[in-house]
Amino acid sequence: MTDAVPPLDLDLRVVRYFLAVADHANFGRAAAAVHVGQPSLSRQIRGLERQLGVRLFHRTPQGARLSEAGEAFAPKARILLRAAAEAAAAARKTAGPDGISIGYTAGLTVTGATRELRRRHRDATVRTMYLGWRRPAEALLDHQVDAVVARLPFPADGLRVTRLYEEERVVIVPRNHRLAGRPFAHLADIADEPLQWVPGLDPDCNAFWRLEPRPDGRPAPTGPVMNTLDDTWEFVASGDTLAVATRSHVNATRTDLALIPLRGVAPSRVVLATRAEDSALVADFRRCARAHLTA
């Protein structure tokens, strides 16, 4: 008869820190994303490695790369956090008045739809959460939010997606750039220019905004890493990179930037995403979004 293996008590907060480092491939950027100091984050990850008895990352001056053990642990860690979120959501459903949490990503607003939903359901709790560049599908599947207004592309398996409107993509350049003042531009006009790169962004989404793959198969030249939209506009205004976005991404006060419509590329599609199962409140928010969230 063999001895029973003692249970392994994992701290979910540290598991979330691990996934932040895995997504950002950099301890500094991960620490900023989860709002802790980098030394504290490093200590927590080393503690997790000691607890598991394996090295989860290969640390280099350039960042952090998952080890073989880390690659094996990451998908199970995501399942673990998702299960914990689902358990909490199931418990919350049994208590109190109806409520809904609505997420929205960078450059989008949901005010018109949430105002109307509050008018229709005065006893309901309507919360909003700015997701920035976080992955909308994960926020939904982890039960951080009940609905997300976001831009495609993102993985939508198991989600219900409702299209709301489209916006043309533009290339954003400094006011003194050779393209500034043109009525439009083509991909060939910026083929050799660096474009923004966002750590932790879904790969398909990063490719969409970096206009990849290119017709000749080359990747876009990579500009500085962008952690926030404000970072992006500072780097563009300084001449360090160009950026592809929509007009609603850009702060109207940035008069040091020029926005040129891009011809020959698909528009950005703004959608409402929810989990497959609908509550009455989520279904009504969908109606409000269709009526009030327009280009």
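**Figure 1. Aromatic rings meet in this predicted model.** The structure, a predicted model, holds five aromatic pairs. Let us look at one of them: phenylalanine 27 and phenylalanine 57 pair edge-to-face, with 5.9 Å from centre to centre and 70° between the planes. If you wonder where those two numbers come from, a pair of aromatic rings is described by the distance of the centres and the angle of the planes. Which parts of the chain does the pair link? Phenylalanine 27 belongs to helix H2 (residues 27–34) and phenylalanine 57 to strand S1 (residues 57–60), so the pair links distant parts of the chain, 30 residues apart. Both phenylalanine 27 and phenylalanine 57 are buried. Ring pairs also link Phe18, Phe27, Phe57 and Phe73 into a cluster.

**Figure 2. A walk along helix H1.** How far apart should the ends of H1 be? Helix H1 runs over residues 12–24, and its 13 residues should span 18 Å at 1.5 Å a residue. The C-alpha atoms at the two ends are 18 Å apart, which agrees. The span is worked out from one less than the number of residues, because that is how the expected length is defined. At the N-terminal end, aspartate 11 acts as a cap: one of its side-chain oxygens lies 2.9 Å from the backbone nitrogen of arginine 13. Along the helix, the buried residues are Val14, Val15, Tyr17, Phe18, Leu19, Ala20, Val21 and His24. Phe18 in this list is also a member of the ring cluster of Figure 1. After H1 comes alanine 25, whose phi is positive, near 55°.

**Figure 3. Serine 67 between a strand and a helix.** Find serine 67 in the loop between strand S2 (63–66) and helix H4 (68–92). Is serine 67 buried or exposed? Serine 67 has 5% relative accessibility, and since buried means under 20%, serine 67 counts as buried. A polar atom of the serine 67 side chain lies 3.0 Å from the backbone nitrogen of glycine 70. Leaving aside residues up to four places away in sequence, serine 67 touches Arg55, Leu56, Phe57 and His58. Phe57, one of these neighbours, is the partner of phenylalanine 27 in the edge-to-face pair.

**Figure 4. Arginine 178 and its partners.** This close-up takes us to the loop between strand S7 (170–174) and strand S8 (195–197), where arginine 178 lies. With a relative accessibility of 52%, arginine 178 counts as exposed, because exposed means over 50%. Which residues does arginine 178 touch, not counting residues up to four places away in sequence? They are Asp189 and Glu193. The arginine 178 side chain reaches the backbone oxygen of aspartate 189 at 2.7 Å. With glutamate 193, the polar contact is between side chains, at 3.1 Å. For a sense of place, the C-alpha atoms of arginine 178 and glycine 239 are separated by 11 Å, and these residues are 61 residues apart along the chain.

**Figure 5. Two arginines over aromatic rings.** Here the view pairs arginines with rings. Arginine 169 lies over the face of phenylalanine 208, at 3.6 Å from the ring centre. Arginine 263 lies over the face of phenylalanine 184, at 4.1 Å from the ring centre.

**Figure 6. Threonine 232 in helix H8.** Threonine 232 lies in helix H8, which covers residues 229–237. Its relative accessible area is 3%, so threonine 232 is buried. What does threonine 232 touch, not counting residues up to four places away in sequence? The contacts are Trp133, Met226 and Ala243.

**Figure 7. Proline 39 in helix H3.** Now meet proline 39, found in helix H3 (residues 38–52). Proline 39 has a relative accessible area of 55% and is exposed. Proline 39 and glycine 28 are eleven residues apart in sequence, with their C-alpha atoms 9.1 Å apart in space.

**Figure 8. Two buried cysteines.** How many disulfides does the structure hold? The count is zero. Cysteine 205 is buried, with a relative accessible area of 11%. Cysteine 288 also counts as buried, at 0% relative accessibility.

Conventions:
Residues numbered from 1 in each chain as written. Predicted model: local features only at pLDDT ≥ 70, side-chain atom pairs only at ≥ 80, totals over all residues. Heavy atoms only, no water. Helix = DSSP H or I, 4+ residues; strand = E, 2+ residues; numbered from the N terminus. Buried < 20%, exposed > 50% of the residue type's maximum accessible area, 1.4 Å probe, protein only. Polar contact = N/O pair within 3.5 Å; in protein donor to acceptor, adjacent residues only side chain to side chain. Contact = heavy atoms within 4.5 Å. Phe/Tyr/Trp six-rings, centres within 6.5 Å; stacked < 30°, edge-to-face > 60°. Lys NZ or Arg CZ within 6 Å of the ring centre and 35° of its normal. Disulfide = S-S within 2.5 Å.
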